[in-house]
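Q: I am in my first year and would like to take a close look at a single part of this protein. Could you choose one residue, describe its surroundings with care, and then lead me outwards to the rest of the chain?

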Amino acid sequence: MDRPAELTRLVEAYVDASRSESEQAVSLQELASLLKKDIVSIGSLTREMELYLTTTDHVIRSRGVLLLGELVSSLSSKTMEKATIHSLTMFFVDRLADWRAQRGALVGCLALLRRKGDVGMVTIGDAKAAIQSFRKNVHVQTHGQHDRLLCFELLECLLEKYPEAVMSLGNDIFYLVTEATEYEKDPDCLLLMFRVVRLVFQLFSDSSGPLDSEAEGLFDILGRYFPIYFTHSKAKDIDVKRDKLSEELMLAFACTPLFEPFAVPLLVEKLSSSVRLAKTDSLKYLSYCALKYGADRMGEHAAEIWCSLKREVLSSPQEPVFLSNSMDGLGLSDNEIAKEALAVLAAVVTQNDNIYLELLINDTDINMIFDNLTTYEDPGNIPLESKHKLYGVGRLLSITAKCSISTCNKMFECFFPKLMGNLGVLIFKASDNGFLSVEQESFRTPNFGPLYLSLVLLESCRDLIVGSNIPITEICCSLVMDFSASIIKLLSFFMGDDGVRSETVQFLCVKGLQILATFGGGFEIVSKSLLEYILTTVVAEIFVHHNSSFMWDLALKALASIGSSIDKYQEQEKVLCYMAIVVGKISSLLTSSESEMPYALKLSIASQIAMCGRSYTREIIQVLETAIFSNLTEFHADENIQPTKIVQLLDCLSRTLLPWLQESGGFEDIPEHFVLNLLEEIKHAEAVNMRTLDKDVFDAIMMSVKLSASNCTVTSQTMVIDKAYSIVSSNSSFRLAEYAVDSYKLKELHISLELDKLSTRDRLVLSLFSSIVVALRPQTCIPHVRAIFLLFMENFLKGHIPSAEALGSILNKLSSTAQGNKAVYNCSLEEAIDLIFKMSISNEQAVGHNDNRTSIVDICLGSSNSKLLQANAIVGLAWMGKGLLMRGHEKVKDITTTLVQCLLTDNTLKPSNSEGIPEQEAHSVMRCCADAFHILVSDAEASLSRRLHAVVRPLYKQRFFLMVMPIFQDLIIRSDTGKRSLLCRAFAYIISETPLIAIIGEAKKLIPVILDALLMFSENGDYKDRMYSLLLVVSGILTEEAGQDAVNENARSIVSCLTRIIQYPHMMLVRETAVQCLAALTTLPYARVYPMRAEVLQAILKALDDPKRRVREEAVRCRQAWASITA
């Protein structure tokens, strides 16, 4: 290659302004590649470009300098010699004087100045030359946006990396920055401009001379941009967001205390603006700048700031969240301006507490509120403006009192005795024996105003001292101790007074007791007798007002909040007090039937208290377990006892407390003990009367066992499964012990169909064992797994569904190799599959006359004379297939093939036995086979789920869908009417459980089959759920952009189908969804939908008269959408 000629070609391709941008980019890329590979050096390239860098043609010269700058920028990580860096730097510095080539010079200078020390940096001397040339030759605001951005980037780089060079300019740097920043409007440039101003003042922070003289001028420029707002018509197209710009401007405002004389008055002035954005930004800036400017400077503006903040807080229309679901505080609903104003107040009071305390105490508006407090008796009768002012005063007192112990003392000293006097509360201390002897008759009707403000101060004091080392000798603590007994008596009296109609006052009474009960300092501020009195009172309210949801809810939340606070700070004496009164009462509540409170409410109390603190959890759960076992015993002994209570107990434990225990951690032994104790109870129980077996109780027991066992550790699960195994193996009703001895020799499994002969206890034992197996982790040791396989096979063939679920769970979690899991005693997954599918099964009454031994697959295909056995085998096969499908095992293909053959084989329709089997029974077997596909693809949260540690391969449903769909499409098209409905049923199960994204990819092929299935299902009401699930799939395809091609191709068929099923009488959701789908079709191209307009409008008239309002509303929308399609 002729290198000079090639370089010339590439250079000319870039500098030639007539070339396209893509050609210029390619030439730049190729030149940069040559430099990076050291094929050409930057020095030799510069010499080759000399003509282009010095020519009098300003276009070529500017393009040449820009090319060199871009090439230097591409070499930022490549080492260069000092001489090369120096010569390049001085070249670009000189080029800054050439205004036509300034862009290239800026690019080059910036690239060189940004270089790091390990690859060669620009010297301080060269950086000084760069900043001086920039000051002399570059007029930033005369350039376009891109070049101005380069200028600000160059200034930022010099200020960050070469501060010594910048300082050499002296005062000129301020002139430079002022000239560069004035009148800038571009958001990207402004972002850098604010940073440049901040960096300049940080650089000269130790030098007062130039800063004092130039601060006002620079702030005059900065102040013009406050508050930041975009006038751009498409602000969303701007890369720099308003919040980011506003944050940078705030940092610039606060970069030096010298901005204080100009910034604070501006911000205070903007607080009077009617523009919400100006107010919120002013408050945010004030809060931040106050910390940076310091107490002395901010103190000069205290009066103006106080007046502005007070105005904003007192005029806020928001009210405290009295009746919310939280007992955390007397807070406010979400009001950004009020919250920001209070944040500013907290900052400035912390800096200058004496100044602001004097302003607050002597404020005319606040004193007027206090003078009129006695008129604020009923919150419902207070004028709205006065109410807002009252709440505003409360917020001002609260935030001020929380700033420090000195401000809290001053607030209490000035206001608390006055408030107590308004309430008629006198100083009274509890006697030595803790008995409260305040006369209740001395209390007058609670005055809302003083009550609210006194609780605000109490809460502020509590929040300040709780968890701190503040001594109780402080004024605020002393006043709380002096008045606490009388306040508690007053609040307790009016909390239980039915004559108090205001829910707000009732809330304040409960809240006040909660505040006083959660004061820190042990029993020194609020004595033990007072705490006991509070807890007893609140507990009594729960019992008395269990028919009033409002007071009951308030009291329970207060009790939980008190318990949470006591537990959080671990004050052991208070914990013991809470345990004795609250937890003790709950224990007697759960075990006693004396209270008229509904049992569901009792359990709600128990669960709330158990979850409010770890100190009470074990005690309450132990009581719950005791109640569960005692109620189970009574339930089995007396058939007249309703199952509701035992179901509620089990649900409370498994669905409410167990998830909390798992999330909290540290309670791993609790679920283990529950399952072990339950097994022990069952082990020693006598045979139970069959009539007492209730499905709700049975299901609740199984679910609680599954969830409890799943929360156990591997070690705990090993103990649980060993215990369960020993119980089952010792039961003579099961042949587990026999199977354990002969599992390797056994070649034939003999079964009977007499599951109902098992006692209630035996069925419970077997189901509990199955539930425990389902909940095991894959790492947990399973004893004698081959024997367990045989036990579950025997029982699922008898119709025991939990055994089938357990077998599927084991196949899902079993290791692929025997060496991979010693827990299975050298039984790998492949060996387990061989054992199950190759084991001969015999039953004299169930199989054919010629041979009474057959495999499970043969039974599924109809070799048995018993359709019950065949149906049980199909269900078991489906659950085993589900376990293998979820883990992605290839055996699922064989199982799927078997199930498809079951749907198609004539043996199920025409039994071979001479006596004949009713056609209805044979049809039920085929329906069972179709439903098996639902088992395969549906989410089984109660048996095979991540919560129960199932092994789940990603995208397993999508893979199964792609495997079986071609088969079903072909079979549905070729099948006769009898089998077609069942094939469509299985097809519907698969489609409805497959993620939509997988269906859309095959939508063109699937839509005709889906429509055919919908029309077939619409003939009767048996398939209404399948219809609805398929319509949801159709709706998803219609609304997804990726499905539009398929919808467009099948639009006529879709409309024809939907117009026929909008009158489906058996399910309202079907009609509603069909109408919605018709409306969605209007988004198709005009030429596609207009020919069908008349047909749809005619059909939709019938939906307008639908008996259900929701359908009629959707029909109106649909009609409007189609009517708007005009010629």
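A: A good place to begin is Thr407, which is buried, with a relative accessible area of 0%. Please keep in mind throughout that this is a predicted model. Thr407 belongs to helix 23, a helix made of residues 405–423.

The side chain of Thr407 has a polar atom 2.8 Å from the backbone oxygen of Thr400, and the backbone oxygen of Ser404 also lies 2.8 Å from a polar atom of this side chain. When neighbours within four places in sequence are left aside, the residues in contact with Thr407 are Val349, Asp353, Leu357, Thr400 and Ala401. One of these, Asp353, is 54 residues away from Thr407 along the sequence, and yet the C-alpha atoms of the two residues are 6.8 Å apart in space.

Another contact of Thr407, Val349, leads us to helix 19, since Val349 is among the buried residues of that helix. Helix 19 covers residues 336–351, and its 16 residues reach 23 Å from the first C-alpha to the last, which is close to the 22 Å expected at 1.5 Å a residue. Its buried residues also include Ile337, Glu340, Leu342 and Val348. The buried residues of helix 19 pack against helix 23, and also against helix 16, helix 17, helix 18, helix 20 and helix 22.

Stepping back to the chain as a whole, we find 55 helices and 3 strands, and buried residues make up 55% of its 1127 residues. Of the contacts with a separation of 6 or more, 76% are between residues 24 or more positions apart. The chain exposes about 48,200 Å², of which carbon and sulfur atoms supply 50%.

Charged side chains offer a further view, as the structure holds 51 salt bridges. In one of them, Glu6 and Arg9 meet at 2.5 Å, N to O, and because they are 3 residues apart in helix 1, they are separated by about one helical turn. Arg1109 and Glu1113 form another salt bridge, with their closest N and O atoms 3.1 Å apart, and these two residues lie 4 residues apart in helix 55, about one turn of the helix. An α-helix has 3.6 residues a turn, so residues three or four places apart point the same way. Arg1109 is exposed at 60% relative accessible area, whereas Glu1113 is partly exposed at 33%. The salt bridge between Glu794 and Lys798, at 3.2 Å, N to O, joins two side chains whose residues are buried, for Glu794 has 8% relative accessibility and Lys798 has a relative accessible area of 16%. Elsewhere, a network of salt bridges links Glu156, Arg195, Arg198, Lys244 and Glu248.

Finally, some details of the backbone deserve a look. A cis peptide bond, with omega about -5 degrees, joins Phe226 and Pro227, and Pro227 sits in the loop between helix 13 and helix 14. Tyr183 is not a glycine but has a positive phi, near 70 degrees; Tyr183 is in the loop between helix 11 and helix 12, and at 61% relative accessibility it counts as exposed. Gln570, also not a glycine, has a positive phi of about 45 degrees; Gln570 is in the loop between helix 28 and helix 29, and its 39% relative accessibility makes it partly exposed.

How values were computed:
Residues numbered from 1 in each chain as written. Predicted model: local features only at pLDDT ≥ 70, side-chain atom pairs only at ≥ 80, totals over all residues. Heavy atoms only, no water. Buried < 20%, exposed > 50% of the residue type's maximum accessible area, 1.4 Å probe, protein only. Contact = heavy atoms within 4.5 Å. Polar contact = N/O pair within 3.5 Å; in protein donor to acceptor, adjacent residues only side chain to side chain. Areas by Shrake-Rupley, 256 points an atom, 1.4 Å probe, with all protein chains shown as cover. Expected span 1.5 Å × (residues − 1). Salt bridge = Lys/Arg side-chain N within 4 Å of Asp/Glu carboxyl O.
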